[in-house]
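Student: I am new to this structure and would like to know how its descriptions are reached. Could we go through them one at a time?

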Amino acid sequence: MTQNQQAIYDARKLGTGKMLTLGLQHMFAMFGATVLVPVITGLSMSATLLFAGLGTLIFHVLTKMKVPAFLGSSFAFLGGYATVVTMGEAQGLTLTESLPYACIGVFSSGIIYFILAAFFAVFGARKVMRFFPPIVTGPIIIAIGLTLSGSAINNCNQNWWIAILAIVIIIVCNIWGRRMIKIIPILLGVLGSYLVAACFGLCDFTAVKEAAWVGLPFKWENTAFHVFANPNWGLIVSAIIAIVPISLATMMEHIGDICAISSTTGENYLEDPGLHRTLMGDGVATMVASLFGAPANTTYGENTGVLHLTRVFDPRVIRIAACFAIVLSFCPKFSALISCMPAATIGGVSLVLYGMISAVGVRNVVENQVDFTRSRNVIVMALILVLAIGIKYGSNDAVSLGFTSLSGLAVAALVGVFLNAVLPGKDYEFGANPDADKAVNFEINPSLRK
């Protein structure tokens with residue numbers, strides 16, 4: 001009997017009450033990070049919780065109910081949402097009107113998951129991954145964090161004391177915390193900073209009082225479908241081109257996550273149910289969520305940490321957590337409570353988060369031992385970073401092609417993939433260093449991944 005099978009057998013002896021408690025613990029583990037994405041972007045909070053739960057259940061169905069993974073909001077696409085909103089505002093659209101266009105771009109990213117899954121099934125991981133080495137994905141991830149840094153500072157400027165409090169709580173919990181405290185530093189940072197801000201009268205809870213206790217999780221005007229009532233085709237194309245390249249980084253994150261879960265449980269999920277199935281599950285969950293105005297989904301490291309902590313690997317526990325998230329999504333009053341969070345709290349948490357995203361990119365490059373004595377690697381990384389950051393903070397925020405515009409991240413990703421493909425000397429081999437293959441994860445507590 002394998003480690004995973006033994007853990008599942010032991011879980012069946014726990015009883016309904018303990019299983020529900022474990023499921024609730026998994027929901028809290030994903031909660032702080034998952035709700036932060038709609039708070040930052042302006043997407044629907046209720047829809048986010050609904051499709052985190054539904055996306056997790058879809059993933060489990062497509063992976064034969066074998067992989068104990070929870071799917072929550074992806075941080076990697078934050079730059080994509082911000083870019084499309086900026087493009088929409090330049091054309092006279094509001095935030096609410098622009099976000100559905102970004103969701104179309106995210107939906108298109110989900111299609112890329114399908115394509116890569118097919119390539120994995122036909123050609124195998126080693127051949128496909130040669131086109132997406134750390135010298136490409138690492139700098140892209142670094143650029144994602146750096147291009148978002150300006151918005152974090154702007155939010156912190158609202159009240160630096162509240163922002164600093166959130167930062168301090170996250171750091172203390174992440175470094176000196178034990179057991180569950182170490183797994184949910186974002187949630188604790190948000191709660192602590194939010195509570196202090198409320199005590200000092202810095203929050204307006206009018207929306208909470210006016211919100212209903214029960215309601216639908218999403219509105220038609222917030223969905224991607226609503227765009228096609230009066231579509232702006234130029235912005236649709238721009239959104240797709242701006243966001244799809246980000247999927248290069250998120251697919252590497254997915255592979256790292258599945259490696260980490262396999263290592264934690266003692267089961268090789270890359271072989272059974274197979275990486276092509278897990279990629280397809282992640283892609284479908286992301287596509288469905290984006291259609292209804294929710295963020296892109298990704299497998300969550302926080303929940304892998306809970307698996308490591310509890311040693312209960314039964315996927316049913318994760319599905320219980322998904323059901324809790326779905327139930328919570330039908331409470332507009334709860335969504336309103338999250339939406340009242342002060343900007344300074346968001347800024348403080350984002351400051352840590354965006355910096356750690358960039359740090360993950362550095363980790364990806366370092367742990368894969370990218371050789372910077374080779375000119376080809378220096379050129380690829382240099383152009384990715386300069387194009388992404390330079391275009392973002394240039395006078396136009398994008399490169400105009402007449403019929404559409406390309407964001408800095410889009411240009412950088414396309415140039416990086418192209419240069420890596422045409423320049424001689426490709427030497428990356430996926431699977432040669434399993435620890436390095438797990439070096440791409442955007443969560444706040446990567447140290448828990450064993």
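Tutor: What follows is a set of questions and answers on helices, cysteines, cavities and backbone angles. This is a predicted model, in which local features need pLDDT of at least 70 and side-chain atom pairs count only at pLDDT 80 or more, while totals for chains, interfaces and linings use all residues. Residues are numbered from 1 along each chain as its sequence is written, and side-chain values use heavy atoms, with hydrogens and water left out.

Student: How do you know that the span of helix α7 agrees with its number of residues?

Tutor: Helices are DSSP runs of H or I with at least four residues, strands are runs of E with at least two, and both are numbered from the N terminus. The expected span of a helix is 1.5 Å times one less than its number of residues. Helix α7 covers residues 134–156, so its 23 residues should span 33 Å, and the end C-alpha atoms are 32 Å apart, which agrees.

Student: Where does α7 bend, and by what angle?

Tutor: The bend is at Ser 149 and is about 35°. The bend at a residue is the angle between axes fitted to the seven residues ending there and the seven starting there.

Student: What does the span of α18 show?

Tutor: The 25 residues of α18 should span 36 Å; the end C-alpha atoms are 35 Å apart, so the two values agree. Glu 367 is found in this helix, which runs over residues 343–367. The C-alpha atom of Glu 367 is separated by 9.3 Å from that of Pro 134, although the two are 233 residues apart along the chain.

Student: Why is Glu 367 called partly exposed?

Tutor: Buried means under 20% relative accessible area, exposed means over 50%, and partly exposed is in between (1.4 Å probe, protein chains only). Glu 367 has a relative accessible area of 31%, so the residue is partly exposed.

Student: Why is Cys 173 not bonded to Cys 199?

Tutor: A disulfide is a pair of cysteine sulfur atoms within 2.5 Å. The closest cysteine sulfur to that of Cys 173 is in Cys 199, 18 Å away, which is too far for a bond. For Cys 340 the closest is in Cys 203, at 7.5 Å, also too far for a bond. A search of the whole structure finds zero disulfides. Cys 173 is buried, because its relative accessible area is 11%, and Cys 340 counts as buried at 12%.

Student: What makes Met 65 and Gln 369 worth pointing out?

Tutor: Most residues other than glycine have a negative phi, and most peptide bonds are trans. Met 65 is not a glycine, yet its phi is positive, about 60°. Met 65 lies in the loop between α3 (45–62) and β1 (71–73), and at 40% relative accessible area it is partly exposed. Gln 369 also has a positive phi, near 50°, and is found in the loop between α18 and α19 (375–392). At 67% relative accessibility, Gln 369 counts as exposed.

Student: Which peptide bond is cis?

Tutor: The bond from Asp 272 to Pro 273 is cis, with omega near 15°. Pro 273 is found in helix α14 (residues 270–291).
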